[in-house]
Amino acid sequence: MFPSSSATGPRFLRPFTATAPRRAMAACTGAPSDPPMQQSSPTKAVRVVVKGRVQGVFFRDWTVEMARSLGLAGWVRNRRDGTVEALLSGDPDKVDEMVSRRIPVGPPAAVVTAVVPSPAEPVSPDEGFHRKPTA
């Protein structure tokens, strides 16, 4: 019969997969293996428009410092409508950190009311991160 669900609650079992044991067995057989594949690190790029009190509060310089500290490439600029626009390109985790954790806070004098991200084409890491003129 089935065990009753007592105070211990239901039990959840992991499904059986034979993949890991087969890989381990293949590694022990001494069979020639394929050369390791060269994996290039994935790159993610996001264009963000930042709304709020973001001009005249050191936002662009702060963005350059934060992006460079994370090893991102891209640019940041003021826009004539009072927003700040940035292109962030690099390691997906670092781009996500910048978009979701750093930009929404901004430098101390900024008041960010919205961050509007959209996908973009990655830029070469050789370009670094820099300020662009107002658009």
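The exercises below work through a sheet, a helix and an aromatic pair in a predicted model.

Residues are numbered from 1 along each chain as its sequence is written, and side-chain values use heavy atoms, with hydrogens and water left out. Because the model is predicted, local features need pLDDT of at least 70 and side-chain atom pairs count only at pLDDT 80 or more, whereas totals for chains, interfaces and linings use all residues.

**Exercise 1. Establish the strand order of the open sheet and state which strands form its edges.**

Step 1. Strands are DSSP runs of E with at least two residues, helices are runs of H or I with at least four, and both are numbered from the N terminus; two strands pair if DSSP finds at least two bridges between them.

Step 2. The five strands follow the order β4-β1-β3-β2-β5, with mixed pairing, and the edges are β4 (111–119) and β5 (129–131), each of which pairs on one side only.

Step 3. β1 and β3 are antiparallel over seven bridges, with Val-50 opposite Val-84 of β3; β2 and β3 are also antiparallel, joined by six bridges, and here Trp-75 faces Leu-87 of β3.

Step 4. β2 (residues 73–78) and β5, by contrast, run parallel and share three bridges, and Gly-74 has Phe-129 as its bridge partner in β5.

**Exercise 2. Decide how far β3 is covered, and on which sides its residues point.**

Step 1. Buried means under 20% relative accessible area, exposed over 50%, and partly exposed in between, with a 1.4 Å probe and protein chains only.

Step 2. By this criterion seven of the seven residues of β3 are buried; Val-84, Ala-86, Leu-88 and Gly-90 point one way, while Glu-85, Leu-87 and Ser-89 point the other way.

**Exercise 3. Locate the aromatic pair, classify its geometry and describe the surroundings of its helix.**

Step 1. Rings of Phe, Tyr and Trp (its six-membered ring) pair if their centres lie within 6.5 Å, and planes under 30 degrees apart count as stacked, over 60 as edge-to-face and the rest as tilted.

Step 2. The structure holds one such pair: the ring centres of Phe-59 and Trp-62 are 5.6 Å apart and their planes stand at 50°, so the pair is tilted.

Step 3. Both residues belong to helix α2 (residues 59–69), three residues apart, about one turn of the helix, and both are buried.

Step 4. The buried residues of α2 are covered by elements including β1, β2, β3 and α3 (92–102), and just after the helix Gly-71 takes a positive phi of about 75°.

Methods. Contact means heavy atoms within 4.5 Å.
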